[in-house]
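I opened this entry to note what I looked up in the structure, beginning with confidence and going on to helix packing, the ligand shell and one sheet.

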Amino acid sequence: MLTELNLTIDTLRAIRSSVLIAERDADTWRGNGDPSFEAWVGRKTRLGKRGGAAQVRQAAELDTVPDVLGAVTDGRIPLEHATIIAKVAASGTPAQREAATSADGQETLLGLAAGQDAATFALTADRWAANVDPEGLERDHQAQYRARYVHLSHTPTGTHLKGFLDTITGKKIALALEAATPRPAADDDRDFGQRNADALDSIAGRILASVDTKPGAHVPPQVSVILTEETWIAAQADRDRRRAAMATFGFAPDDTETDAEGEGEGDQVTGSGTRAATEIGTGGDAQCGGGPRISAPIGYAPATLEDGTPVPTSELGVVMCDCELTRIVINADGVPLDLGRTERLFTGPQRRAVIARDRECAWPDCHAHARWCHIHHLRWWERDGGVTAVENGALLCNFHHHEVHRLDLTITRHTIPPAACPGSPGSRRSRASGTSSPTPGGGPSGGLRPGPARRSVRLNPRTSSTSLRPTRAAATPAAVSRRATLALPDARLAVTPSPVTRRPSPAPPVPSTEHRAPSTEHPAQGVRHCSVVRGPEQPHDLESGPVGGVANAVHPPGSFRHPMKPSELGPPHMTVLITGGAGYIGAHVVKLVQDTGRAVVVVDDFSTGSQDRIPGTPWRRLDLTEPSSVEELADTLRSFEVTSVVHFAAKKRVDESMVRPAWYFQQNVTGLANVLAAMELAGVRELVFSSSAAVYGTPTTTDVTEIAPTSPVNPYGETKLVGEWMVRDAARAWGLRAVSLRYFNVAGAGLPELGDPLVMNLVTMLLQQKSLGQQPKVFGGDYPTPDGTCVRDFVHVLDLAQAHVASLDYVARPERAFDTFNVGTGIGSSVLEVVTELANLTGWDARPEILAPRAGDPASVVASVDRITGVMGWRAEAALPEILASAWKAWQFDHPVVS
Ligand SMILES: O=c1ccn([C@@H]2O[C@H](COP(=O)(O)OP(=O)(O)O[C@H]3O[C@H](CO)[C@H](O)[C@H](O)[C@H]3O)[C@@H](O)[C@H]2O)c(=O)[nH]1
């Protein structure tokens, strides 16, 4: 019954797919005020735009495999299996797509689908696809591999982590995170993401602690915490003051062996048969609820990392607990003068003894393996003057070690009678709650009593015959006396949270004065690295100003929003020739390519571009439409040993192309033909071609994929489509490896001085209208879009430039031939939305004037960017507000208000 029901549902869905495609092709949905077919479907079905788009996408994919769709309606296979085949047909390599859509291919896949569940069949289909195009799998993996990156953005509010990994590495990392994440303890209310973060922290700690991790360095990598003597004393005084306040408000620091609710129950003892339990009393947050109020702390400069990042006191506690201290005396200019050293490390034998005893994190129910644990000083080394001895050490995983220091806990070991242990008569298992309680009325732990704002947890026993009992600690004079050893004039303490072996660390290299700026406010902050990047020797016949151009002469490296990913750093000997490199998009690409370490040479006729945009970059003035340009360009390619070309030089005004179509073909098609001829002559085989979304004309869907029909509606788009064909044909004929990037609506600026100099698209035209005191002019208000104005996909010019860098990597791979990719954000904005956003941003009292529609304007063009994201790992980062803000800045830079 259930099977039949499922079959019927699948059959109906398959029929719905066919109906959707028929509706789409019949075009009957138009004229109802819906901006797109998807929107129409979403409205009709009440699934909304997203739901409608998903149905249409699935239908379009299934439409490519009609036999498979038929097999669903015949009840041969479930729809799920059909969608797996359709995915291969839609997103595989060209060879895989061709095979999957062929009658034979569909029949083979149908045969494979029989008798397999969906998950197994998905893997089978993957293997089949790999078999059809064995290199496809490897190519995809290599593409993923080249595209992978991890960015850490350090902001004042925390560090953001962003990245992309190839599937294999992703799985490896997932396994490693899992390995470093123990089964959550009873009191562990961290969610999955938080546990992953802790696992990553733990892995980093382990790497930094390993003596084997010495990538070319003389000492293991270290995280240094830098603090002054005053900070050291003030931080401790602050904590002591808090603790004293706690005592004043009714419960002594050692009272933490206290019950809050329920009854504690020791858990089952493992190992030797002796039983142990551990209790923690956190005492709650002194600042919260009914807890005691404490006086405001006295301000003091925080400890910092080497780059000046402030370190919270609880983190300081963690590193002080299990660390190596190196005293570095630094003079007023931040130059290290003297190294002293005091170690507070557990020795190897001590560690082994602690590990043998505790085996895993000593926190209740936390089973983090010893290899992920720190050794915590039960009596803190810096706070309580605790000794570095086995009996004072306890294994704690990274997370719980931080908790102990964050909550200012003291943990004590104590033996508990077997009767109180789990499994014993009268014992009960602990509740999985951070607010469960320890043993009542002086159970095994003895002397437990309820206290205000007190949380306590009954902990799991360990194999040891002792238990750990965390409590709040008392201020101890020992902590004060310990400071004496650190109180050195002009001293900074560099604290390394690393169980590095006992061997003297060499002094850190004293910064050479010629490379480092003198210290300013912070010894580490004052250090600035300066590096000079020399360009290749340049031939003298170029109009490049001083020969031997120096990359990045004006724009400091990293001043762009997107720093290059390490994976994108190309070998310095690679030279990229960029035609039209002095133009708006070209100059951004010049800068980013240079940032990757590649050399760049620009060819431009400077009809719209300017040399100011490419400081220090060698250039050659060349009109690429002239027949003589072929030889001249080939010469340049040879003399610079160019390895790849990015071709921008072209005309790009839609309206102009409508008026001067032949000239557009001359400019764009002849220019490209000459570039290709020169490349063939010089044997340069890598090309990134600047195409346009204009090749789609008026798309039938808003979500335009690369396989959408190309049907340009203006000569400009036609020249780009012809260009794509020419590039594809060159790939077939003489082994050119090329990518055509179909730009959607590009706007914004990476630097204020790199704004779009031409007023020829919506954003710059609006800014000009604003500057002239005019009202925004909107071409057409009656399009079948939500607000009647055209919808476009606006992409930041820097994101677009990044896509070129990714494409250069892509075409560098020998297995590539020719491919096309959309470059957009996947999000549409209407002209009116742009006007409103810009008006808000600039304080413009804008009252749009709706004019007649402009010739050749399609209603709605929005990219599908799945392909470029999947293959190259590229994805646009900036949204409309950021794009417009950068465009506005650039506009102000170019049009300063003279008062
Ligand atoms: O003052 C203006 C200027 C433009 N528009 C409208 O804004 C939309 C965007 O126009 P643009 O000229 O900025 O961009 P296009 O979409 O016409 O063309 C752009 O996108 C294309 C791809 O779709 C090509 O890449 C092309 O080079 C690029 O200019 C159009 O509906 C246009 O009519 C206005 O309403 N008022």
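Confidence. I noted that pLDDT stays under 50 over residues 250-297, although the model has 166 contacts beyond four places in sequence for that stretch. This is a predicted model, and I therefore kept in mind that the predicted coordinates should not be read in detail where pLDDT is low. A second stretch under 50 covers residues 214-222, for which I found 15 contacts beyond four places in sequence. Over the protein chain the average pLDDT is 73, and 67% of the residues score at least 70. I then looked up the extremes, and the lowest confidence falls in helix α17 (residues 477-484), with a mean of 23, while the highest, at 98, belongs to strand β18 (residues 644-647). For the complex I copied down the predictor's ipTM of 0.96 and its pTM of 0.46.

Helix packing. I next asked at what angle helix α1 (residues 2-26) and helix α3 (residues 48-63) cross. Their axes come within 9 Å and cross at roughly 95°, and since angles of 65 to 115 degrees count as roughly perpendicular, α1 and α3 are therefore roughly perpendicular to each other. On the α1 side the contact is made by S17, L20 and I21, and on the α3 side by Q55, V56, Q58, A59, L62 and D63. Sorting the residues of this contact by class, I get five nonpolar, three polar and one charged.

Ligand shell. I recorded 20 residues surrounding the ligand, of which N761, L762, M765, F779 and C790 are the closest. Two elements, α23 (762-771) and β23 (777-779), give two or more residues to this shell, and β23 gives the most, with three residues. By class, the shell holds 12 nonpolar, three polar and five charged residues.

Sheet. Finally I followed an open sheet of four strands, whose order is β20-β29-β24-β27 and whose pairing is mixed. Which strands stand at its edges? They are β20 (703-704) and β27 (829-830), each of which has a single partner strand, so one side of each is left without a neighbour in the sheet. For β27 I looked up the pairing with strand β24 (residues 791-792), which is antiparallel and runs over two bridges. Within that pair of strands I found R792 standing opposite S829 in β27.

Terms used
Residues numbered from 1 in each chain as written. Predicted model: local features only at pLDDT ≥ 70, side-chain atom pairs only at ≥ 80, totals over all residues. pLDDT = per-residue confidence, 0-100. Contact = placed C-beta atoms within 7 Å. Axes fitted to C-alpha atoms, helices over the stretch in contact; angles between N-to-C directions. Parallel < 35°, antiparallel > 145°, perpendicular 65-115°, else oblique. Nonpolar A, V, L, I, M, F, W, Y, C, P; charged D, E, K, R; others polar. Near = placed C-beta within 6 Å. Pairing = 2+ DSSP bridges.
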